[in-house]
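User: Hi! I'm new to this one and would like a friendly walk through it. Could you put it up on the screen?

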Amino acid sequence: MGGDGKVFTLAQVSEHDNPKDCWLIIGGKVYDVTKFLEDHPGGDDVLLSATGKDATDDFEDVGHSTGARDMMEQYYVGDIDSSTIPQKTTYKPPKQPHYNQDKTSEFIIKLLQFLVPLAILGLAFAVRIYTKSTN
């Protein structure tokens, strides 16, 4: 088909999104795959669902053969204006609250972990002595 150096916007390519007129964007190039819909091994729904966006990741995830990649050239109609494709956002995890790294509070916590059980033992010992002396 030959692209003749045509450059399309995402909006222009998105207009071709039905079984009678289906264009895809793969690797910065625009392909008219209308005639290939019936022959596509994955079915026409796979191709139709990839319209209106950059389908490069979808295409690469499947792992197409060299023969399939060579076949694409006959459906090439032009290039995509990359400035019209929305930038992919990368996941940024929310910032975690910083825990108090104050050494004083760490010391107090460790001291209490030692003193509280000691106080309970002391109280138990005092109760034991008191109950023995009253008998």
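User: How do the residues of the lining of the largest pocket divide into nonpolar, polar and charged?
Analyst: They divide into 16 nonpolar, three polar and one charged. Here Ala, Val, Leu, Ile, Met, Phe, Trp, Tyr, Cys and Pro count as nonpolar, Asp, Glu, Lys and Arg as charged, and the others, Gly among them, as polar. Before we go on, this is a predicted model, where local features need pLDDT of at least 70 and side-chain atom pairs count only at pLDDT 80 or more, while totals for chains, interfaces and linings use all residues. Residues are numbered from 1 along each chain as its sequence is written, and side-chain values use heavy atoms, with hydrogens and water left out.

User: Thanks! What counts as a pocket?
Analyst: The search uses a 1 Å grid over the protein atoms alone, and a pocket is an open set of points where a 1.4 Å probe fits, with protein on both sides within 12 Å along at least five of seven lines. Lining residues have an atom within 4 Å of a point.

User: And how much space lies in the largest pocket?
Analyst: About 400 Å³. That volume is the space filled by probe spheres set on the grid points, which are joined across faces, edges and corners.

User: Which residues lie nearest its centre?
Analyst: Phe36, His40, Leu47, Phe59 and His64 do, out of 20 lining residues. The elements giving two or more residues to the lining are β3 (21-26), α2 (44-49), α3 (56-62) and α4 (66-71). Of the lining, α3 provides the largest share, three residues. Those labels are DSSP runs numbered from the N terminus: helices are H or I with at least four residues, strands are E with at least two.

User: Let's switch to the strands. What order do they take in the sheet?
Analyst: The order is β1-β5-β4-β3-β2, in an open sheet of five strands with mixed pairing. Two strands pair if DSSP finds at least two bridges between them.

User: Why is one side of β1 and of β2 left without a neighbour?
Analyst: β1 (7-8) and β2 (17-18) stand at the edges and have a single partner strand each, so one side of each has no neighbour in the sheet.

User: How many bridges join β2 to β3?
Analyst: Two, and these strands run antiparallel. Asp17 stands opposite Cys22 in β3, and a hairpin of two residues links β2 to β3.

User: What about β3 and β4, how many bridges there?
Analyst: Four, again with the strands antiparallel. Ile26 has Lys29 in β4 as its bridge partner. The hairpin of β3 and β4 has two residues between the strands, and Gly27 takes a positive phi near 60° there.

User: Where does β4 go from there, and which residue stands opposite Lys29 in β5?
Analyst: Asp79 in β5 stands opposite Lys29. β4 (residues 29-32) and β5 (residues 76-80) run antiparallel and are joined by three bridges.

User: Is Val30 in β4 buried or exposed?
Analyst: Val30, which sits in strand β4, is buried, with a relative accessible area of 0%. Buried means under 20% relative accessible area, exposed over 50%, and partly exposed in between (1.4 Å probe, protein chains only).

User: And β3, how many of its residues are buried?
Analyst: Five of its six residues are, so to speak of it as mostly covered fits the definition of buried. β3 also gives the largest nonpolar core its largest share, three residues.

User: Which residues have the most contacts inside that core?
Analyst: Leu24, Ile26, Tyr31, Val33 and Leu47, in a core of 15 residues. The elements that give two or more residues to it are β3 and α2. A nonpolar core is a set of buried Ala, Val, Leu, Ile, Met, Phe, Trp, Tyr and Cys residues joined through side-chain atoms within 4.5 Å.

User: New topic: how many salt bridges does the structure hold?
Analyst: Two, where a salt bridge is a side-chain nitrogen of Lys or Arg within 4 Å of a carboxyl oxygen of Asp or Glu. Lys53 pairs with Asp58, with the closest N and O atoms 2.8 Å apart. Glu60 pairs with Arg69, with the closest N and O atoms 3.0 Å apart.

User: Why does Glu60 count as partly exposed?
Analyst: Because its relative accessibility is 40%. Glu60 is found in helix α3. Its partner Arg69 is partly exposed at 32%.
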